[in-house]
Amino acid sequence: MSLPRITVAHGDGIGPEIMAATLNILEAAGAQLAYDTIEIGEKVYLRGQTAGIDESSWEKLIQNKIFLKAPITTPQGGGFKSLNVTVRKSLGLYSNVRPCRSYNPFIRTKHPGMDLVIIRENEEDLYAGIEHRQTDEVYQCLKVISKPGCEKIVRYAFEFAKRAGRKKVTCFTKDNIMKMTDGIFHKVFDEIGAEYPGLEKEHWIVDIGAAKLADTPEVFDVIVMPNLYGDILSDVAAQIAGSVGLAGSSNIGEHCAMFEAIHGSAPRRAGQDLANPSGLLLGAVQMLVHMGQGKAAEKVHNAWLKTIEDGVHTYDIYQEGISKKKVGTKEFAKAVCQRMGEEPLKLAKASYAAAEPLVLPTPKPAPAAKKELIGVDVFVHERLRDPEEIAKRVKQAAKDLPVELQMISNRGVKVWPQGLKETFCTDHWRCRMVAKEGGTTNPGVIWMLLRELSQANVDVIKTENLYLFNGEKGFSLGQGQ
Ligand code: NAD
């Protein structure tokens, strides 16, 4: 029988060293794997591929479905797109699973009881990468959150928790401010959470949640969050557990999956046989579990835990008085291989008896709502800091149309009517036009409005339609409105 083939990339900086160590350990554990190697990262970027990956490599990734990836170096300067974000999004790897656990008393940590898993949404949010410069002064990044995107990640978090025998799922959002985007994430968490009566559920506003995570991480179990918060807080969690060098991560999609360390290519440590291969190795353990090779996963993980217990440590976790021997990358890998078949004596041992991929079906599309167009936000570039004058010109342009100016805001805060002179204004104004007498309007009216504004030399840089969905506002109010 042929071995399951996976795609491997050795990456940049410390990547080749930690990958070699990882593959040696997998082989010693008897993992059933065959490899196809692809080149990614710095060399590919510098050949002129702005995505950091050759076109021909995609075929391998799609064919093999499983990708074990060492960290890469993204060259400085503009024009290079993040390879990680491209691979995650192109292959639909929506769920980023990052376990963060402390190994007290063998690796120094302020949080001996910490053992949590961060499940980060991996495709949406500010990582949609939709950015525009709109005026002399204003730049915009769109935060895009979809209901099916929330459903996929939230369901994944609950299924993961259930399967892993975890007790609680916590959600972090900032829905007190972003009531629509983070609001839908929280709402979906409440709705899907109700289907899991055996699991405790809680929601924290991300700022106080993050503070609590840094202070008392032992009270958390599984935490699910939108992309940006998850990116930042999983690094914090890994670092306070002991070292970023220890955390592995999986990126799971419906068709493909990618496994990696959470740290980068640490170029200053490259080529010196210094780096800790544990992050990538623990990523590879997640890979074996995902591939149904639970026995091999268990063997690797337990041999690694025993090595840590025996005080055989790389420089980043070495502590006088705790560690027994400071080793380089190769010697660390050798020490793990030598302990293959052994189990830790004090640390909780790993058990992956019921290993199988956690792959969930695509959620159904949201049902179509009754959608009514009731107005439009017209964004205007105007250097003159005079909302009264802007209002006069916009009202004049719209005087014969069935829409009227309701409000002008600047960076979200209402400045007309009755703004405060203390409010700082930029050259970026939002003029909210609504159908007269609270009715509906149509795209033809908006086109006419834009033509009138253009003829009046009002510099419109974009519009955003205002809809009611089943009678509910599909837009936020201006601050102070
Ligand atoms: P980094 O994670 O590479 O390194 C930060 C520091 O952490 C290092 O200087 C080192 O002291 C320590 N460290 C990290 N991993 C270690 C390990 N395995 N063993 C021992 N010590 C370790 O972060 P950085 O310096 O900000 O980024 C370096 C490069 O990596 C950049 O080009 C960045 O774009 C890239 N990067 C890649 C990935 C990825 O491919 N997944 C992720 C993050 C950063």
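**Exercises: a ligand and two domains**

In this predicted model, a nitrogen atom of the ligand sits 2.9 Å from a polar backbone atom of N276. Let's build on that.

**Exercise 1.** Work out which of these counts as a polar contact: the ligand's approach to N276, N84 or Y315.

*Solution.*
- Step 1: get the cut-off. A polar contact needs a pair of N or O atoms within 3.5 Å.
- Step 2: take N276. Its polar backbone atom is 2.9 Å from a ligand nitrogen, so the pair passes the cut-off.
- Step 3: try N84. Here an N or O atom of the side chain is the partner, again with a ligand nitrogen, at 2.9 Å.
- Step 4: finish with Y315, whose polar side-chain atom lies 2.8 Å from a nitrogen of the ligand. These two pairs pass as well, because 3.5 Å is the limit.

**Exercise 2.** Describe how the protein surrounds the ligand.

*Solution.*
- Step 1: count the neighbours. There are 19 residues around the ligand, and G264 and A266 are among the closest.
- Step 2: sort that shell by type. You get seven nonpolar, seven polar and five charged residues.

**Exercise 3.** Find out what joins domain 1 to domain 2.

*Solution.*
- Step 1: locate the domains. Domain 1 comes in two pieces, 1–91 and 244–355, while domain 2 covers 110–241. Their C-alpha centres are 25 Å apart.
- Step 2: check who touches whom. Eight residues of domain 1 contact 10 residues of domain 2.
- Step 3: look at the area. About 840 Å² is buried between the two, with carbon and sulfur atoms giving 48%. On the domain 1 side, R88, K89 and V244 lose the most area, together 55% of what that side buries.
- Step 4: list the links. Four residue pairs are in polar contact, but the salt-bridge count is zero.

How values were computed. Residues numbered from 1 in each chain as written. Predicted model: local features only at pLDDT ≥ 70, side-chain atom pairs only at ≥ 80, totals over all residues. Heavy atoms only, no water. Near = heavy atom within 4 Å. Polar contact = N/O pair within 3.5 Å; in protein donor to acceptor, adjacent residues only side chain to side chain. Nonpolar A, V, L, I, M, F, W, Y, C, P; charged D, E, K, R; others polar. Domains from an automatic or database assignment. Contact = heavy atoms within 4.5 Å. Buried area = accessible area lost by both parts, 1.4 Å probe. Salt bridge = Lys/Arg side-chain N within 4 Å of Asp/Glu carboxyl O.
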